[in-house]
Amino acid sequence: MIPDEYFDECYDHVFNEVYKNDGIDHSAMIEKIEKYNTSIRNRKEDILNDINDSANLYVVARYGYCSVFATPSWRNASDLVIDVKYGSFGASTADYGSVLSDEQIKGVDAKFISPDKTINASTCMFPEQTWFIYDYMHMRSKPEDMFEKLLCYDGQATVDTFPEYPRFLKCIGDGIVVPNN
């Protein structure tokens, strides 16, 4: 559960430093990691595009919190566990406690900028199928009504399909979300 850009460094650290002389055969784990790298990690975009082409794909990212505060990336916008940029497949975000600069949003259609100016959804892999829920931490229950509506919709819904569930939402209770205007 690490971002792709840190994978090689982490792999090296774990197997060439942490477990270097522990006397345990890690070949089965290494084989699984290599299989994941060749069959999934290196093809992630193609796999996601294939899913999108053959099924109704919806992405829901939660935000309003910093990342795990005991890590160097603690300032990343997150749901306390998953960083928004990863959970949304590419949203550009301001650091926790900050807003996107004028330069970062220059020329971007306002419909892609969150009301609090912390998220630019235009950089997502599937921007029209990605919802963001503010103040919705990782372990809260799912927004059942929203999920049911998406799952039961006949076709590919977008952030414009249901007026009650636009691109930017906010949590007002456990599992209750409303438009974030």
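User: Which residues make the nonpolar surface patch of about 280 Å²?

Analyst: Heads-up first: this is a predicted model, where local features need pLDDT of at least 70, side-chain atom pairs count only at pLDDT 80 or more, and totals for chains, interfaces and linings use all residues. Numbering runs from 1 along each chain as its sequence is written, and side-chain values use heavy atoms, with hydrogens and water left out. A patch takes residues with over 30% relative accessible area (Shrake-Rupley, 1.4 Å probe, only the protein chains shown as cover) and no salt bridge (Lys or Arg side-chain nitrogen within 4 Å of an Asp or Glu carboxyl oxygen), joining nonpolar side chains within 5 Å and like charges within 9 Å. Here the residues are L80, V81, I82 and M137.

User: Is V81 buried, partly exposed or exposed?

Analyst: V81 sits in the loop between β3 (77-78) and α4 (84-87). Buried means under 20% relative accessible area, exposed over 50%, and partly exposed in between. V81 has 42%, so it counts as partly exposed.

User: Which helix holds D12?

Analyst: D12 joins D8, E9 and E17 in a negative surface patch. Because its relative accessibility is 37%, D12 is partly exposed. Helices are DSSP runs (H or I, at least four residues) numbered from the N terminus, and D12 is in α1.

User: How many disulfides are there?

Analyst: A disulfide needs two cysteine sulfur atoms within 2.5 Å. By that rule the count is 0.

User: How far from C10 is the nearest cysteine sulfur?

Analyst: C10 is partly exposed because its relative accessibility is 29%. C10 is in no disulfide, and the nearest cysteine sulfur, that of C66, lies at 20 Å.

Technical notes
Lys and Arg count as positive and Asp and Glu as negative; His and the chain ends are not counted. The place of a charge is taken as NZ of Lys, CZ of Arg, CG of Asp or CD of Glu. Helices (H or I, at least four residues) and strands (E, at least two) are DSSP runs, numbered from the N terminus. Buried means under 20% relative accessible area, exposed over 50%, partly exposed in between (1.4 Å probe, protein chains only).
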